[in-house]
Amino acid sequence: MTLESIAPLLAGPAAAVLVMMMVFAAVYQVTTKQLIPLASSWVDRHLSSLDDLVKGNREDHAAMIASLNRIESKIDRDVTNPGIIHGERTTH
């Protein structure tokens with residue numbers, strides 16, 4: 001094989017396939033070494049902030065339940081003894 005018979009292959013489809021394989025290898029390396037760790041750290045940060053939101057939501061929920069229970073007990077007390085609302089005291 002002479003250079004004249006190999007030159008069209010080197011400048012044509014074989015070269016394009018070789019360049020494409022090199023580009024795919026570079027993209028694969030960048031993806032596995034940089035993008036995936038970057039994405040996993042971003043997901044970890046996002047999940048940790050969601051955990052903080054859920055914890056705060058649970059605390060708020062517990063405070064609301066306690067407040068509603070106090071309101072319910074006051075309403076029950078006022079319904080069973082309505083004179084206290086108007087400042088009157090009834091003796092039983």
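Angles between helix axes under 35 degrees count as roughly parallel, over 145 as roughly antiparallel, 65 to 115 as roughly perpendicular, and the rest as oblique. In this predicted model, the protein has two helices and zero strands. Helix α1 covers residues 3-11, and helix α2 covers residues 13-80. The two pack at an angle of about 40°, and their axes lie 3 Å apart. The pair α1 and α2 is therefore oblique.

The residues that bring the helices together can be named. On the α1 side they are P8, L9, L10 and A11. On the α2 side they are P13, A14 and A15.

The surface comes next. The protein has 92 residues, and buried residues make up 2% of them. Its accessible surface comes to about 8300 Å², and carbon and sulfur atoms account for 67% of that area.

One part of this surface is a nonpolar patch of about 660 Å². The patch is made by V17, V19, M20, M21, V23, F24 and V27. Among these residues, V19 is found in helix α2. Is V19 buried, exposed or partly exposed? Buried means under 20% relative accessible area and exposed means over 50%, with partly exposed in between. V19 has 48% relative accessibility, so V19 counts as partly exposed.

How values were computed: Residues are numbered from 1 along each chain as its sequence is written. This is a predicted model: local features need pLDDT of at least 70, side-chain atom pairs count only at pLDDT 80 or more; totals for chains, interfaces and linings use all residues. Side-chain values use heavy atoms; hydrogens and water are left out. Helices (H or I, at least four residues) and strands (E, at least two) are DSSP runs, numbered from the N terminus. Buried means under 20% relative accessible area, exposed over 50%, partly exposed in between (1.4 Å probe, protein chains only). Accessible areas come from the Shrake-Rupley method with a 1.4 Å probe; for residues, only the protein chains shown count as cover. Patches are made of residues with over 30% relative accessible area and no salt bridge: like charges are joined within 9 Å, nonpolar side chains (Val, Leu, Ile, Met, Phe, Trp, Tyr) within 5 Å. A salt bridge is a side-chain nitrogen of Lys or Arg within 4 Å of a carboxyl oxygen of Asp or Glu. Axes are lines fitted to C-alpha atoms, for helices over the stretch in contact, and angles run from 0 to 180 degrees between N-to-C directions. Contact means heavy atoms within 4.5 Å.
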